[in-house]
Amino acid sequence: MAPVADYPGVWGKATATIDWCEENYVVTEYVAEFCIKAYQEKLETRYVVSFFSILVVGIGSWCFHMTLLYEMQLFDELPMIWGSCIFVFDLFHSFTPPKYQNLPMILCLVLYSFIITAINPPSVPVKRSPQLYLFRIMTSDFLPLRKPRNK
């Protein structure tokens with residue numbers, strides 16, 4: 001992490017205690033760190049897809065909270081479901097050898113995303129949503145169990 005740059009941009013001089021690896025205010029003077037350079041740094045495709053899913057969730061949330069329209073609510077909620085599946089996939093692959101593919105897990109996550117997209121009940125409280133229960137059931141069989149360390 002580099003120290004915060006001196007270039008102030010539109011918002012004035014940065015007061016944050018850290019500054020990540022991206023160059024500041026390269027794309028626009030309104031956004032200091034416009035993008036994460038996962039593609040340029042040749043990170044795995046799953047990281048690029050993960051960062052893109054966060055971008056879609058952010059845009060969807062922004063649109064929903066601006067308009068409070070049902071269509072924008074779906075644009076807010078559904079990318080959260082899809083993005084969560086992407087991150088479950090990423091989490092699982094953090095503990096696997098390179099080029100390992102768990103096709104049953106991938107198929108279950110894709111099927112889960114399609115089912116939730118088809119039956120998404122936005123009026124159900126989050127604590128009782130079928131998505132939460134189905135997600136817990138599906139992921140419990142696929143995430144590796146950590147063994148306690150012996151001291």
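**Exercise 1.** Is W11 buried or exposed in this predicted model?

Solution. Start with the relative accessible area of W11, which is 62%. The cut-off for exposed is over 50%. W11 is therefore exposed.

**Exercise 2.** Find the aromatic pairs and classify each by the angle between its planes.

Solution. The count comes to two aromatic pairs. In one of them, W11 and Y30 lie 6.4 Å apart, centre to centre, with 70° between the planes. Planes over 60 degrees apart count as edge-to-face, and the pair of W11 and Y30 is edge-to-face. W11 and Y30 are 19 residues apart, both in the segment before α1, and the pair links distant parts of the chain. The ring centres of F92 and Y100 are 6.2 Å apart; their planes stand at 40°, so this pair is tilted.

**Exercise 3.** State how accessible Y30, F92 and Y100 are.

Solution. Y30 has 47% relative accessibility and counts as partly exposed. F92, at 7%, counts as buried. Y100, at 35%, counts as partly exposed.

**Exercise 4.** Check the span of α2 against the expected value.

Solution. Helix α2 has 24 residues. At 1.5 Å a residue, α2 should span 34 Å. The end C-alpha atoms of α2 are 35 Å apart, which agrees. The buried residues of α2 include L78, I81, C85, V88 and F92.

**Exercise 5.** Describe the backbone and the surroundings of L68.

Solution. L68 sits in the loop between α1 (45–67) and α2 (70–93). Its phi is positive, about 55°, although L68 is not a glycine. With 63% relative accessibility, L68 counts as exposed.

Key:
Residues are numbered from 1 along each chain as its sequence is written. This is a predicted model: local features need pLDDT of at least 70, side-chain atom pairs count only at pLDDT 80 or more; totals for chains, interfaces and linings use all residues. Side-chain values use heavy atoms; hydrogens and water are left out. Helices (H or I, at least four residues) and strands (E, at least two) are DSSP runs, numbered from the N terminus. Buried means under 20% relative accessible area, exposed over 50%, partly exposed in between (1.4 Å probe, protein chains only). The expected span of a helix is 1.5 Å times one less than its number of residues. Rings of Phe, Tyr and Trp (its six-membered ring) pair if their centres lie within 6.5 Å; planes under 30 degrees apart count as stacked, over 60 as edge-to-face and the rest as tilted.
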